[in-house]
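Okay, thanks for coming, everyone. Let me pull the structure up on the screen, and then I'll talk you through a few bits of it.

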Amino acid sequence: MRTPVDSTPSTDLLRLDRVRKSFGDHLVLREVDLSIEPGQCVVLIGASGSGKSTLLRCVNLLEVVDDGVITFEGRDITDPRVDGDEVRSRMGMVFQAYNLFPHLDVIGNVTMALRLVHGVKADEARSRGMAMLERVGLAAKAQARPDDLSGGQQQRVAIARALVANPRLMLLDEVTSALDPELVGEVLDLLTDLKSEGVTMLLNTHEMGFARDVADQVCFLHDGRIHERGRPEQVLGDPQEERTRTFLSRIRA
Amino acid sequence: MSDRVGTAWQPSEVQSERDEWRRRRTIRSAAIAAGSTLLLLGVVGGAVVSSPGWERVKETYFDWDKAVSSFPAVLEGLWLNIRVMALCAVLIVVLSLTIAIMRTIRGPVAFPLRLVGTAYVDIFRGLPLLLVIFLLGFGGPALSLSGLPTSALFWGCAALVLSYSAYVAEVFRAGIESVHPSQRLAGRSLGLTYGQTLRHVVLPQAWRRVIPPLMNDLVSLQKDSGLIAVLGVVDAIRAAQIETAIDFNYTPYVVAGFLFCCLTIPMARLTDRYARKKGYHGAGGHL
């Protein structure tokens, strides 16, 4: 199952080799191998506590791995000499609870990284931000405060905020889990559009229908390991591993 | 949600009866509150006025002519209090914010910063303000440091700033720590540095939350600025003391107290109003 570490240049945008991460005595990721090519959408599935969110945080360098190598755009980003802020500025991360900045209006949220990290002038940042809000269908809400928006709208703003600086990779951590059922659709539709526009995505979700329709690869994470991976119709439709079958039967029950 | 509150709406009989009952109850409660307050004030006032020494106290503390004659000097002293307060407030915010940030930086590298910050707060919160004023007010000039003024005013202000910053730093620290860690994560995930996240994400949110307690400390500083009188600086209290010394009539102290209240009471009301505006409505209903 394990992909051996090789030094030949690959087309992978992101690659994880034997990534390990623990919190105190709790070993969250044991030996995770994963690779994503540009334009692909990889979906992580698994029970709560299986390490899906931790994996995304490790990729975003919000957590420091205990062992293993994460390669992004051909560069080992787990090397401590790497500038983490620069790496993060090339990825977009979206959180389950949106994590919008409540003291700023919507456009202020979306343009913050452009202005502070990418050195874009205020006028240009604003026009790029407005274009991005147009794309997620929220241009009319540019002056609104996050607290005045619905959950679905907040999450679309969060996606716009992560996407505005043209990241090479989008990391989406259970982005629909905090939403009311009738608001899930608007966010998943947006993600489906992004996939068709060629945005590379690594995400975890409990929306199996979305995984089936959009994912190029589905990985079943259990107990800190990827137990099964493959095309969605294979992993979700005809799982080979007992654990995968148990998990899928539980969430479908 | 789609229905607007219509102008054609008339309260039902049951609602009219409720409204009427609430109106009657409000009037009754207000009457009881007003009556009992007047009664209490009357009893206390009566007890004071009918006390055997009242005539003497009235002469020494509430002499109108003395109040008028001492007013200009006390007012001039108060102007110094106001300037001291304004200058110190700015310096306190700068110093305390620095200390608070030092105390909240994580990681082993920042340990010396945290240690210095904690030691500072522990020491200056532990020392009585009056003691700090005495120590710095008399010890500071004695150092004869070149470049530093030796005036009592300078060292008095330094004592106020050092002492208050320890308290205010804790207010800022509480504010910084009250911002949910997910906000930091969101900032960092956008590529912002630690400092940028602090400056543009954490501090603006912390600042809003600590404004009411900060205004409270400002009210407190307004009156504690009078403590530098012990160094001989002629502020409102010292001016009142000088006026009193002329004929041992203590009315100037009452004048000074009245003027301090004129400063602090509007400030306190402003604080209340701001806190109420920022308070949470809705979630708790009318309870």
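I'll start with a strand in chain A, then move on to the core and chain B. Keep in mind that this is a predicted model.

So, strand 7 of chain A, residues 169–173. Is this strand buried or exposed? Well, 5 of its 5 residues are buried, so the strand is largely enclosed by the rest of the structure. You can see that on both faces: Leu169(A), Leu171(A) and Asp173(A) are buried on one side, and Met170(A) and Leu172(A) are buried on the other.

What about its neighbours? Strand 6 of chain A, residues 91–94, runs parallel to strand 7 and is joined to it by 4 bridges. Across that pairing, Leu172(A) has Val94(A) standing opposite. Strand 8 of chain A, residues 201–204, is also parallel to strand 7, again with 4 bridges, and there Leu171(A) has Leu202(A) as its bridge partner. To get from strand 7 to strand 8, the chain goes through helix 6 of chain A, residues 181–196, in a right-handed β-α-β crossover.

Now, that pair comes up again in the largest nonpolar core. It has 128 residues, and Leu171(A) and Leu202(A) are among those touching the most other members, along with Val43(A), Val218(A) and Cys88(B). The largest share of this core comes from helix 6 of chain B, residues 152–178, with 14 residues.

Over in chain B, then, what does Cys88(B) touch? Leaving out residues up to four places away in sequence, we get Cys157(B), Leu160(B), Val161(B), Leu221(B) and Ser225(B).

Last bit: chain B splits into domain 1, 13–49, and domain 2, 64–278. Their centres, taken over C-alpha atoms, are 40 Å apart.

Definitions and conventions
Residues numbered from 1 in each chain as written. Chains lettered and ligands numbered in written order. Predicted model: local features only at pLDDT ≥ 70, side-chain atom pairs only at ≥ 80, totals over all residues. Domains from an automatic or database assignment. Core = buried A, V, L, I, M, F, W, Y, C linked by C-beta atoms within 7 Å. Buried ≥ 20, exposed ≤ 12 C-beta atoms within 10 Å, placed from the backbone. Helix = DSSP H or I, 4+ residues; strand = E, 2+ residues; numbered from the N terminus. Contact = placed C-beta atoms within 7 Å. Pairing = 2+ DSSP bridges. Right-handed = clockwise from strand over helix to strand, strands pointing away.
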